[in-house]
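Good morning. Today I will walk through one protein model, helix by helix and contact by contact. Please have a look at the sequence and the structure first.

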Amino acid sequence: DTQPGAANTPAYPLLLARAITASPALERTLLCVQADPVDQVGCPDTYGAILSLHYALCFATVWLLWLCVRQWFGRSSLALGTVVCLLLSGVLLDSARELRTEVLVLPLFMALLWAWHRLLTQPGLPASATLGVVLGLLTLTRPEYLYLTIFILALLIARRASLKQPLLLLC
């Protein structure tokens, strides 16, 4: 596949590679599945390392969501309610059972929101560096986040220059 997209980005495959090197049983399972992708006859079901990694990423998403809502609105009860709604929907835990980049994108996007708020409320090099690292990781996970990086830079330049219409920078 030569089309741009999540399949051509390095972050998620590298994360999976780390899980495979940590679990020889997982490596044997994936080699078996690769040899017989349709029937998978006789392939062991040892995906525990990937599931553990995915559930840890889901936990990070939930924690970052709670942190962001509490930070923005100053109410832990609202943050807790938001997290409960997310968990009750089942969408997050369902995504953890699939080999898709969403499980990595979600905590990174929540980290982006947290870093953006931190930069706006506590400007400085640590906040800028955090935002830059998170945007870089998001772009390495999904290339379309490069456009978000350009948009955020335009907003920051506009804020710094005190422009009345910051969206004109994008034209």
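**Helices, core and one salt bridge**

I begin with helix α4, whose 14 residues should span 20 Å at 1.5 Å a residue, and the end C-alpha atoms are 20 Å apart, which agrees. The expected span here is 1.5 Å times one less than the number of residues in the helix. Helices are DSSP runs of H or I with at least four residues, strands are runs of E with at least two, and both are numbered from the N terminus.

Before I go on, a word on where the numbers come from. This is a predicted model, in which local features need pLDDT of at least 70 and side-chain atom pairs count only at pLDDT 80 or more, while totals for chains, interfaces and linings use all residues. Residues are numbered from 1 along each chain as its sequence is written, and side-chain values use heavy atoms, with hydrogens and water left out.

Now the overall picture. The protein has eight helices and zero strands, so read from the N terminus the order is α-α-α-α-α-α-α-α. Of its 171 residues, 30% are buried; buried means under 20% relative accessible area, exposed means over 50%, and partly exposed is in between, with a 1.4 Å probe and protein chains only. Among contacts with a separation of 6 or more, 58% join residues 24 or more positions apart, where contact means heavy atoms within 4.5 Å.

Back to α4. Valine 83 sits in this helix and is buried, with a relative accessible area of 8%. What does valine 83 touch, not counting residues up to four places away in sequence? The list is Val62, Leu65 and Trp66. The C-alpha atom of valine 83 is separated by 9.5 Å from that of threonine 61, and the two are 22 residues apart along the chain. After α4 comes glycine 90, which has a positive phi, near 80 degrees.

Next is helix α3, residues 48-73. Its 26 residues should span 38 Å at 1.5 Å a residue, and its end C-alpha atoms are 37 Å apart, which agrees. The buried residues of α3 include Thr61, Val62, Leu64, Leu65 and Cys68. Glycine 74, just after α3, also has a positive phi, of about 70 degrees.

Helix α6 has 20 residues and reaches 28 Å from first C-alpha to last, close to the 28 Å expected at 1.5 Å a residue. Methionine 110 is found in α6 and is buried, with a relative accessible area of 11%. Leaving aside neighbours within four places in sequence, methionine 110 is in contact with Thr61, Leu64, Leu65 and Cys68. Its C-alpha atom and that of cysteine 68 are separated by 7.5 Å, although the two residues are 42 residues apart along the chain.

That brings me to the core. The largest nonpolar core has 34 residues, and Leu104, Leu112, Leu131 and Leu138 touch the most other members. The elements giving two or more residues to this core are α1 (11-22), α3, α4 (76-89), α6 (102-121), α7 (125-141) and α8 (145-161). A nonpolar core is a set of buried Ala, Val, Leu, Ile, Met, Phe, Trp, Tyr and Cys residues joined through side-chain atoms within 4.5 Å. Leucine 138, again without neighbours within four places in sequence, is in contact with Val105, Leu108, Phe109, Leu112 and Tyr145.

Now for charges. Side chains of opposite charge can pair when their charged atoms come close. A salt bridge is a side-chain nitrogen of Lys or Arg within 4 Å of a carboxyl oxygen of Asp or Glu, and by this rule the count is one. Which side chains meet in the salt bridge? They are those of arginine 142 and glutamate 102, at 2.9 Å, N to O. Arginine 142 lies in the loop between α7 and α8 and glutamate 102 in helix α6, so the pair ties together parts that are 40 residues apart in sequence. Arginine 142 is buried, with a relative accessible area of 15%, and glutamate 102 is partly exposed, at 24%.

Proline 143 is in the loop between α7 and α8 as well, and is partly exposed, with a relative accessible area of 29%. The C-alpha atoms of proline 143 and threonine 9 are separated by 7.2 Å, with their positions 134 residues apart along the chain.

That is my walk through the model.
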